[in-house]
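Me: I should like to learn how pockets, sheets and single residues are read from a model. May we take them in turn?

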Amino acid sequence: MNLRNTILTVLLLLAFSTISNAQAKRDLSTKCKEYLDQLHDFSGTILIAQHDSILVKRAFGNASIEYNIKNEVDTKFNIASITKMITSVAVLQLFEQGKLKMDAVVGTYLPDYPNSTVRDSVTIEQLLTHTSGLQPFYGGNYLESNKLNYKKVSDYLPLFVNEPLAFSPGTSYKYNGAGFVILGLIIEKITGMDYYDYIDQNVFKKAGMKNSLAIETDSIVSNKASGYTSTFGDKNYYSRNDYYLSKASPAGSHYSTVEDLYLFSRALRNNLFFSENTKEMMLTPRVKGYNTHLGYGVDIDQRYSEVIFGHSGGWFGVRTELMDFKDSGITIVVLSNFDDNGKTGASKVIDDLKEMIGGKIENN
């Protein structure tokens, strides 16, 4: 085969590949649109993208039931624990800069931390992977407290600082937010910045996320969805979730939009936050959680034919999910202002989309 024929063959193969990829994208877009066209029993927004193209962006239901205000594609939603993934990015930035070590204990950065067991034996890696033994704090004392009192990261500390560990650090897994509050304090100590300012400048700004913010419960914010809770399906009616909300901590409850979270995902994929090596470190499965494996502050779901990484969020009147399909470059963001029983509403939509795109592995 001469050079001319070789070049022609290569060009034909490239053209065929381009046509095939374009057709695959059209097929995926059609498939997703058909699913969303028949969607009911869902309130919120959904975005489906592939690489640098948004394929579908839809809004459903009401941002305010009592005022009959519809959700829009740019409505801001409480994202619950997706915030943990954002905090993890900040921690890994400091790691890459040589300002933090994964095997260092809390006391390395917070020498005055009040709980000596945590200070002297819990590592950064254990905080990121929920293997520290720390207890969840979004419970009794938090729910009974005045939510307006939480203005700084340190305001959350009294809720758990004196609680005993559930197990020796590194010996088991227990999902909790306390470890991420401590990580937020460490970010502040190392950088000399307020946690919220650091996230704004080094995560949101880098990704182009102009509609993501931490707000206090009495703030007036335009185009924000109210949340409605059935106590996760225990009640047959919904009520406002204001009583359960406070300003975001490093563990949860920033507000964002589907497109902003897509931009966050794209920035992570394209190494805008840190290097490829640090990203791979973040996305390496390290421990087995309740349903998925975990990397550093990220869920790694291996129950499907394609690995999905991201994070879920759930609270009273909140159900969210950020899903990145590792091989195909598909990103799905689901934000809802209603909670559910894990089998209906947003949870069903999330499971349907994971199975439709990822292909569930039988007997897994």
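Me: How much space lies in the largest pocket?

Reply: The general idea comes first. Rolling a probe the size of a water molecule over the atoms shows where empty space is left. In this predicted model, the largest pocket holds about 940 Å³ of space.

Me: Which residues lie nearest the centre of the largest pocket, and how many line it?

Reply: The lining consists of 46 residues, and Tyr175, Asp299, Ser312, Gly313 and Gly314 lie nearest the centre. Two or more lining residues come from each of strand E11 (299-301), strand E12 (308-315), strand E13 (318-325) and helix H10 (345-358). E12 gives the largest share, eight residues.

Me: How many residues of each class does the lining of the largest pocket have?

Reply: There are 20 nonpolar, 16 polar and ten charged residues in that lining.

Me: What can be said of the second largest pocket, and how much space lies in it?

Reply: The second largest pocket contains about 390 Å³ of space. It is lined by 26 residues, with Lys224, Ala225, Ser226, Arg240 and Asp242 the closest to its centre. Strand E3 (62-64) and strand E4 (69-70) each contribute at least two residues to this lining. By class, the lining of the second largest pocket divides into nine nonpolar, ten polar and seven charged residues.

Me: Let us turn to the sheet. What is the order of the strands in the open sheet of eight strands?

Reply: The order is E2-E1-E14-E13-E12-E11-E10-E9, and the pairing is antiparallel. At the edges stand strand E2 (53-60) and strand E9 (287-288), each of which pairs on one side only.

Me: How many bridges join E12 to E13, and which residue of E13 is the bridge partner of Gly313?

Reply: Eight bridges join these two antiparallel strands. Gly313 has Thr320 as its bridge partner in E13, while Ser312 stands opposite Glu321 of that strand. The hairpin of E12 and E13 has two residues between the strands, and Gly317 takes a positive phi near 75° there.

Me: In what sense do E13 and E14 pair, and over how many bridges?

Reply: They pair in the antiparallel sense over seven bridges. The partner of Thr320 in E14 is Leu335. Thr320 thus appears in both pairings, with Gly313 and with Leu335. E13 and E14 also form a hairpin, with four residues between them, and Gly329 in its turn has a positive phi of about 75°.

Me: How should the two faces of a strand be read, and which residues of E13 lie on each side?

Reply: In a regular strand the side chains alternate between the two faces of the sheet. In E13, one side carries Val318, Thr320, Leu322 and Asp324, and the other carries Arg319, Glu321, Met323 and Phe325. Both faces are covered, and eight of the eight residues of E13 are buried.

Me: A single residue may serve as the last example. Is Ser336 buried or exposed?

Reply: The reading depends on relative accessibility, and under 20% counts as buried. Ser336 has 2% relative accessibility and therefore counts as buried. Ser336 is found in strand E14 (residues 330-336).

Me: Which backbone oxygen does the side chain of Ser336 reach, and which residues does Ser336 touch?

Reply: The side chain of Ser336 reaches the backbone oxygen of Ser43 at 2.6 Å. Leaving aside residues up to four places away in sequence, Ser336 touches Phe42, Ser43, Gly44, Phe77, Gly317, Val318, Arg319, Thr320 and Ala346.

Conventions
Residues numbered from 1 in each chain as written. Predicted model: local features only at pLDDT ≥ 70, side-chain atom pairs only at ≥ 80, totals over all residues. Heavy atoms only, no water. Buried < 20%, exposed > 50% of the residue type's maximum accessible area, 1.4 Å probe, protein only. Polar contact = N/O pair within 3.5 Å; in protein donor to acceptor, adjacent residues only side chain to side chain. Contact = heavy atoms within 4.5 Å. 1 Å grid on protein atoms, 1.4 Å probe; cavity = no way out; pocket = protein on both sides within 12 Å on 5 of 7 lines; lining within 4 Å. Points joined across faces, edges and corners; volume = space filled by probe spheres on them. Nonpolar A, V, L, I, M, F, W, Y, C, P; charged D, E, K, R; others polar. Pairing = 2+ DSSP bridges.
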